[in-house]
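Reader: Before we discuss the binding site, could you put the sequence and the model in front of us?

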Amino acid sequence: MEKPRLIREDGLRHDGRRPNELRPIKISVGVLNKASGSALVEYGATKILAAVHGPREIPLRHLLLPDRAIIRCRYHMLTFSTHERKSPAPSRREIELSKVIRESLEPVVMTEMFPRTAIDIFIEVINADGGTRTASVTAASLALADAGIPMRDIVVGVAVGKVNNVLVLDIDEVEDMFGEADMPVAVAPSLGMITLLQLNGVLTRDEFVEALKLALEGANQIYRLAREALRNSYLKVRVEE
Ligand code: ADP
C-alpha cells in the first residue's frame with residue numbers, strides 16, 4: 001500500500017477527521033440469543049462481535065479456583081477480516097491479544113461472586129481496520145454486562161497514535177501502519193482506572209501526557225455510548241416481555 005498523506009494541508013486526517021475525533025461508533029448489546037451475553041461494536045470499519053458463556057462449571061475442573069471464577073478469553077480474526085486471507089489457526093498475535101484483553105477486563109469483574117466456575121469470552125474480529133484490540137475490550141465488557149455478570153465498571157478501549165508529528169485519536173489501519181506511534185488504552189472511567197496501556201513507537205514525555213489525555217477524552221465519549229447501548233438493550237428486553 002502506498003503511504004497516503006496522513007495530515008492534509010487543512011490539518012485534517014486522511015479520512016477527513018479532526019485529530020481529536022473518533023470514527024463513527026456503533027454499539028449493539030444482546031445481539032445473540034444462544035450466548036449468555038453478547039455485543040457488536042464498530043469503530044469505523046473495524047467490526048467486533050463478542051460473546052460470553054457463563055459463569056458455569058466446566059469439565060476441566062482442575063482449572064477452577066475455590067474462591068473466584070476464572071476468566072478465559074479468545075480473540076480471533078475471521079479469515080475474511082483482513083486484506084489477505086487470515087489463516088484460521090491462532091497466531092502468536094492472537095494469543096497475545098487474548099491475554100492482553102483478558103487482563104484489561106479482570107480488574108472490573110466480580111469473580112469472587114462465582115467460585116469454582118469459568119467465564120468464557122469469545123471475540124471475533126469480523127472486519128479489521130485498526131484498533132481491533134481496543135474495540136474488542138469495549139465489546140467484551142458489554143457482553144459481560146449483558147450476561148448479567150456483576151462488574152465494578154464497564155471498560156472501554158481506544159487507541160491514540162502519532163502521525164506526521166500530530167497526536168490523533170482512534171487510529172485506523174492506515175494511520176497504524178504509516179504513523180510513528182500507536183498507544184492502545186483501556187479505561188474503567190467511573191473507577192478512574194487504566195487497565196491497559198501499550199505503546200508502540202516513541203513519544204516524548206509531553207507527548208505521552210497529551211496522548212493519555214486524548215485517550216481519556218475519547219474513552220469518556222465511548223463510555224457514554226456504551227452505557228446508552230446497555231440501557232437500550234434493557235429497554236428492548238422489557239418491551240419484549
Ligand atoms: P490493533 O488491531 O489492536 O490495532 P495491531 O496494531 O496489531 O492491533 O494491528 C493493526 C491493524 O493491522 C489491525 O487492526 C488490522 O487492521 C491489521 N492487521 C493485524 N493483523 C493482521 C493480519 N494478520 N493480516 C492483515 N492485517 C492485519
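Author: A polar contact here is a pair of N or O atoms within 3.5 Å; within protein, one must be able to donate a hydrogen and the other to accept it, and residues adjacent in sequence count only if both atoms are side-chain atoms. This is a predicted model, in which local features need pLDDT of at least 70 and side-chain atom pairs count only at pLDDT 80 or more, while totals for chains, interfaces and linings use all residues. Residues are numbered from 1 along each chain as its sequence is written, and side-chain values use heavy atoms, with hydrogens and water left out.

Reader: Which residue has a backbone N or O atom 2.8 Å from an oxygen atom of the ligand?

Author: Two side chains also approach ligand oxygen atoms, with a polar atom of E173 at 2.2 Å and one of D176 at 3.2 Å. The protein covers 74% of the 530 Å² of accessible area (Shrake-Rupley method, 1.4 Å probe) that the ligand has on its own. The backbone atom at 2.8 Å from a ligand oxygen belongs to G130.

Reader: How many charged residues are in the shell around the ligand?

Author: The residues around the ligand, each with a heavy atom within 4 Å of it, include R93, D129, R133 and D182. With Asp, Glu, Lys and Arg counted as charged, ten others from Ala to Pro in the list Ala, Val, Leu, Ile, Met, Phe, Trp, Tyr, Cys and Pro as nonpolar, and the rest, Gly among them, as polar, the shell has two nonpolar residues, four polar ones and, as charged residues, six.

Reader: What is the volume of the pocket in which the ligand sits?

Author: A pocket is an open set of points on a 1 Å grid over the protein atoms alone, where a 1.4 Å probe fits and protein lies on both sides within 12 Å along at least five of seven lines; its lining residues have an atom within 4 Å of a point. The ligand sits in the largest pocket, meaning that more than half of its atoms lie within 2 Å of the grid points. Taken as the space filled by probe spheres set on the points, the volume of this pocket is about 380 Å³.

Reader: Which residue follows G54 through a cis peptide bond?

Author: Most peptide bonds are trans. The bond after G54 is cis, with omega near 5°, and the residue that follows is found in strand β3, residues 46–56 (strands are DSSP runs of E, at least two residues, numbered from the N terminus). That residue is P55.

Conventions: Helices (H or I, at least four residues) and strands (E, at least two) are DSSP runs, numbered from the N terminus.
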